[in-house]
Amino acid sequence: MRVLVIEDDQETAETVAAGLRHARMAVDVALDGLAGLERALASDYDVVILDRDLPGMHGDVVCARLVASRCRSRVLMLTAAAEAEDLVDGLGLGADDYLSKPFDFAVLVARIGALFRRAQPAIPPVLRCSDLVVDTARRGAWRAGRQLDLTPKEFGVLELLLSARGRAVPAEELLERVWDENADPFTAAVKITVSRLRAKLGEPPLIDTVAKSGYRIGVQP
């Protein structure tokens, strides 16, 4: 899952980003509204965490422009206010969810997960393939009842492959959706991560390499 945090307080932004990375998400940060809008439109984020009171461009304007551009990202707005009127205004602009500051970090992670599962096509909270179970809400994976010790990137690749429902996912798409904006487009990181993930998943193998198409894993209902 790839997330963009648009927050003008650098300490808050970096703290949120660090926590989300610990929760196995790829995270980019923008410190003003204009930079945040440019990044949101340039990259394929699953969720945008958008502070409402931003310099450069107000969060309301950023949200409205994302909606007008038909951006696929889900928008979670943050505000220091907790008034019902603010909530109505934010949702009326097209935000998918709303969270008042200060907030419990576990709640933030849960809200992000819920928004991710609401993406089109709908992603179930638990993904399965054979004896593999991935809980997208708890951010955990198990095979044959054994919990897998996965890095954030390994978990992200596994989650995206399962979410693709049998479609072959190109390495370029994996790089864009699982890594952050600092990833080198010519890196072998995807190949190396898939190799390590295969080793941790064990036998029988679940991930197939599809010539000229990428990687694929089947999904069982």
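This is a guided tour of a predicted model, arranged as a series of selections to make in the viewer.

**The hairpins**

Begin by selecting strand 6 (126–129) and strand 7 (132–135), with the loop that lies between them. These two strands run antiparallel and are joined by four bridges, and to see one pairing in detail you can pick leucine 127, whose bridge partner in strand 7 is valine 134. Two residues lie between the strands of this hairpin, and serine 130 takes a positive phi near 55° there; serine 130 is a residue other than glycine. If you display the surface around serine 130, you will find that this residue is partly exposed, with a relative accessible area of 43%.

Now keep strand 7 in view and add strand 8 (140–143), since strand 7 also pairs with strand 8, in the antiparallel sense and over four bridges. Select valine 133 and then tryptophan 142, which is the bridge partner of valine 133 in strand 8. In this hairpin there are four residues between the strands, and the one to click on is arginine 139, which takes a positive phi near 60°.

Moving past strand 8, select alanine 144, which sits in the loop that leads from strand 8 to strand 9 (146–147). Alanine 144 again has a positive phi, near 55°, in a residue other than glycine, and alanine 144 is exposed, with a relative accessible area of 61%.

**Two cis peptide bonds**

Next, go to the loop between strand 5 (97–100) and helix 5 (105–117), where you will find proline 102. Select lysine 101 together with proline 102 and look at the peptide bond from the lysine to the proline, which is cis, with omega near -10°. Then travel to the loop between helix 8 (189–201) and strand 10 (207–210), which holds proline 204; here a cis peptide bond joins glutamate 203 and proline 204, with omega about -10°.

**The cysteines**

Select cysteine 63 and cysteine 71, and ask why cysteine 63 forms no bond with the closest cysteine sulfur. The sulfur of cysteine 63 is 10 Å from that of cysteine 71, which is the closest cysteine sulfur and is too far for a bond, because a disulfide needs the two sulfur atoms within 2.5 Å. The structure as a whole holds zero disulfides. With both residues still selected, note that cysteine 63 is buried, with a relative accessible area of 0%, whereas cysteine 71 is partly exposed, at 22%.

**The nonpolar cores**

For the last stop, show side chains and select Leu132, Leu158 and Ile217, which have the most contacts inside the largest nonpolar core, a set of 28 residues. Strand 6, strand 7, helix 6 (152–163), helix 7 (171–178), helix 8 and strand 11 (214–217) each supply at least two residues of this core, and the largest share, six residues, comes from helix 6. In soluble globular proteins, nonpolar side chains tend to be buried together.

Which residues does isoleucine 217 touch, when those up to four places away in sequence are not counted? Centre the view on isoleucine 217 and you can pick out Cys129, Leu132, Leu158, Leu161, Leu162, Gly166, Leu206 and Ile207. Apart from this core lies another, of 21 residues, and you can locate this second set by selecting some of its members, among them Ala13, Met25, Val109 and Phe116.

Key. Residues numbered from 1 in each chain as written. Predicted model: local features only at pLDDT ≥ 70, side-chain atom pairs only at ≥ 80, totals over all residues. Heavy atoms only, no water. Buried < 20%, exposed > 50% of the residue type's maximum accessible area, 1.4 Å probe, protein only. Pairing = 2+ DSSP bridges. Core = buried A, V, L, I, M, F, W, Y, C linked by side-chain atoms within 4.5 Å. Contact = heavy atoms within 4.5 Å.
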